[in-house]
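Subject: Structure for your review

Dear colleague,

Please find below the structure I promised to hand over. My findings follow it, arranged by region.

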Amino acid sequence: MTTQTLAVLDATEVTQAIQDLQHSVTLIAGKVTVIRAYVSGASGPATGVNGTVTLLRSPTDTPITVSSANTVSLDPTAPKDVPTRRADAGLSLNFVVPSALTAEGALSVSSIALTDTMTGADVPFNTPPGATAVWFTQSPPLRVRVLGLRYTMGNPPVTYTPRDIDYTFLISWLKRAYPVADVIEAPHTIIDVTATPPFQCTDTNAQLAAIRALDISAGGDRRTHYLGQAADGGFFMRGCASGVPATPDPTTVASAPCGAATWGWDFDGTYADWYGGHELGHTYGRKHPGFCGESKDDLQNYPFQNGQLANDANSYAGFDVGDPQLNLPMAARPGVPWHDVMTYCNSQWPCSYTYEGIRQRLLAEDSLAAGAPAPTPVAPLREAAHELRVTTRTGGRPDDRFPQLSVTTAAAPMPAADEAARGAGPDTGQLVSVIGTVNLTQRAGDIRFVNPVSAAARQPAQPAPAGRAGQPDGAGPDGEVPVVLRIQQAGGAPPQDFPVTVKLSSDPEPGQDRTGLVDEVLPVGADPASVELLVGGQVVDTFRPGAPAPALRGARPTTAQDGNVGLALDFGPAPQDGQTFATQVSTDGGRTWQTVGVGLKNPTITIDHSQFPPGTQVQVRVISTNGFTSTTSDIQSFQV
């Protein structure tokens, strides 16, 4: 007589990224959810089984039956401890919960059934399993704009650009590892780095901050976080965020390297995912725990030893639900020896402390105002209107493939009514975004970008740290070096001083100088002459505007590498000292605009068409400025 195999259900776990068997980690409504059933053989011969779970939203709902995504072996002689099986995705029966059942509210795993894969017979449980009940909680999305940082270096010169995998795997990782059901991505953009390589993350963060200010000024969602990716082909740029804000502050930007290195444990083809997740974590206020060479900013609060996901194998365990579209399978991330993503340790994944901390910050940021609607389209000035028409082609040389262009230029002072509506009255003048880098150790700094912006780009006023205001000649009582932006007025009017808080870089190397970012939106007054950056009471840099920036007169296609879109811009005279221009693109008919270049002086731009899906209609906008005034020109759209 054949002996029947009996099964035991040792535990059931409902997980999304990190969980314990008591389900203490918040389950996010709408997020991919996996039920892990830990079954073992009680008696009888070894056999393979698959299974089904019966799920209920409420006692009155129709039960839903879900089949397992895999099979497991029931072997009465195999180890039965749950921690061993939690550490391997192939040792649990895994059930993907239908998305409709992960809406906010309760879910009950009412029953589990097993089937022998060889005979098709039901496999009975030695003890009938009980029901497992969990609750899904609504949570805000992650809003992010990722910019690929393109640079050229070497002799002969070689251009380095992040790969598609660096971007797609990052977005997928954020959806899987962060406490969100959705990632709202601003259109992915490739931009040219303005700093000379090998640059540092403080350089790229300054550029990102300037781009962000222009985006928000044009009606972008101010809850959006910005991350730059720099390919490691030419050199390795150590990543950092422009601060670790203690309160919600999406103006904090970050940059990270990307490439194919394995770091000895990551073999999916790119490290852009967890490295980018680390730097973004800083922008949500997450600090370094301090276990593997990183700074000990959060050592007193971090709840687990050695930077791990758990103190032992019986509590928290990570789980990667995978991404079938990227051929990424489900994978376990055991609490020991995997480490938190905010450490510098190997084998990184968010622990429950980081996961819940980011969720709380997302909730706080979601209550912030999204921002002003996009401004109305630029109206053409008849006397300045310019047109250039080129026949659209589907083949031929790259410079023959740009479609019809129509340049309309508008350059006029802001009407007083509009000026007041934007928060800059006649007594305060135009608002400008001032971005600078500061070295507090050396008491040095540079003003990198100055651009006129609308009131939408202005953040709520933050009180200056104690001791900063009114003490421009020395350090405050906390030993910090005071930093001030001074707006000098023409005609002998008194200057305006604005004490600012430096956003210190998040990931300094041991012994490195204390560096950071100045990121402010300020009114420049009635008759501004210059902007000065003072560190420790001394002027370390001065921005002086040039003559009013010329309007764009025309644009013509140029040859661009790899079939990209190239444009030669005709401003009449090329931008002079104190004059720069920015470029923006829109893929929704001008409703929103994304900045793809800032602080530009060379009147030739290259737009990477690979960042747009085929068939996308792309509009181009050029903003020329002397820092205090600007002229905006719209170029008729082209189709990718």
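**The surroundings of Thr343**

Beyond its neighbours within four places in sequence, Thr343 is in contact with His278, Pro289, Glu294, Gly307 and Gln348. Please bear in mind throughout that this is a predicted model. Thr343 belongs to the loop that runs between strand E21 (339–340) and strand E22 (348–349). Its relative accessibility is 0%, so Thr343 counts as buried. Between Thr343 and Asn306 there are 9.5 Å in space, C-alpha to C-alpha, while the two are 37 residues apart in sequence.

Asn306 itself deserves a remark. It is located in the loop between H4 and strand E19 (317–320), and it has a positive phi of about 60° although it is not a glycine. Most residues other than glycine have a negative phi. With 43% relative accessibility, Asn306 counts as partly exposed.

**Helix H4 and its partner H2**

His278, one of the contacts of Thr343, is a buried residue of H4. Helix H4 covers residues 272–283, which is 12 residues. From its first C-alpha to its last it reaches 16 Å, close to the 16 Å expected at 1.5 Å a residue. Is this helix enclosed by the rest of the structure or not, and why? It is largely enclosed, because 12 of its 12 residues are buried. Among them are Trp274, Tyr275, Glu279 and Leu280. Just after H4, Gly285 takes a positive phi of about 85°.

Helix H2 (residues 164–177) packs against H4 at an angle of about 60°, and the two axes are 8 Å apart. That angle makes H2 oblique to H4. The crossing in which H2 passes H4 is right-handed. On the H2 side, the residues that meet H4 are Asp166, Phe169, Leu170, Trp173 and Leu174. An α-helix has 3.6 residues a turn, so residues three or four places apart point the same way. On the H4 side, the residues met are Ala272, Asp273, Trp274, Gly276, Gly277 and Leu280.

**Nonpolar cores**

Which residues have the most contacts inside the largest nonpolar core? They are Phe199, Leu569, Ile605, Ile607 and Ile635, in a core of 48 residues. Helix H3 (residues 201–217) supplies the largest share of this core, with eight residues. Apart from it lies another core, of 39 residues, which includes Leu280, Tyr316, Val341 and Cys351. Leu280 is thus named in this second core as well as among the H4 residues that meet H2.

**Helix H5**

Helix H5 (residues 352–366) has 15 residues, which at 1.5 Å a residue should span 21 Å; its end C-alpha atoms are 21 Å apart, so the two values agree. The buried residues of H5 include Tyr355, Ile358, Arg359, Arg361, Leu362 and Glu365.

**Backbone features to check**

Most peptide bonds are trans. Two cis bonds are listed here for your attention. A cis peptide bond joins Asn155 and Pro156, with omega of about 5°; Pro156 is in the loop between strand E12 (142–153) and strand E13 (158–160). The bond from Val336 to Pro337 is also cis, with omega near 20°, and Pro337 has its place in the loop between strand E20 (331–333) and E21.

Arg443 shows a positive phi near 55° in a residue other than glycine. This residue is in the loop between strand E25 (431–439) and strand E26 (444–452). Its relative accessible area is 40%, so Arg443 is partly exposed.

**Phe125**

Is Phe125 buried or exposed? At 16% relative accessibility, under the 20% cut-off, Phe125 counts as buried. It lies in the loop between strand E10 (122–123) and strand E11 (132–137). Not counting residues up to four places away in sequence, Phe125 touches Ala7, Val8, Leu9, Val39, Ile112, Ala113 and Leu114. Of these contacts, Ala113 is 12 residues from Phe125 in sequence and 8.5 Å from it in space, C-alpha to C-alpha.

**The chain as a whole**

The protein chain has six helices and 39 strands. Of its 640 residues, 54% count as buried. Among contacts between residues at least 6 apart in sequence, 70% join residues at least 24 apart.

With kind regards

Note on methods:
Residues are numbered from 1 along each chain as its sequence is written. This is a predicted model: local features need pLDDT of at least 70, side-chain atom pairs count only at pLDDT 80 or more; totals for chains, interfaces and linings use all residues. Side-chain values use heavy atoms; hydrogens and water are left out. A nonpolar core is a set of buried Ala, Val, Leu, Ile, Met, Phe, Trp, Tyr and Cys residues joined through side-chain atoms within 4.5 Å. Buried means under 20% relative accessible area, exposed over 50%, partly exposed in between (1.4 Å probe, protein chains only). Helices (H or I, at least four residues) and strands (E, at least two) are DSSP runs, numbered from the N terminus. The expected span of a helix is 1.5 Å times one less than its number of residues. Axes are lines fitted to C-alpha atoms, for helices over the stretch in contact, and angles run from 0 to 180 degrees between N-to-C directions. Angles under 35 degrees count as roughly parallel, over 145 as roughly antiparallel, 65 to 115 as roughly perpendicular and the rest as oblique. A crossing is left-handed if the near helix is turned anticlockwise from the far one by less than a right angle, and right-handed if clockwise. Contact means heavy atoms within 4.5 Å.
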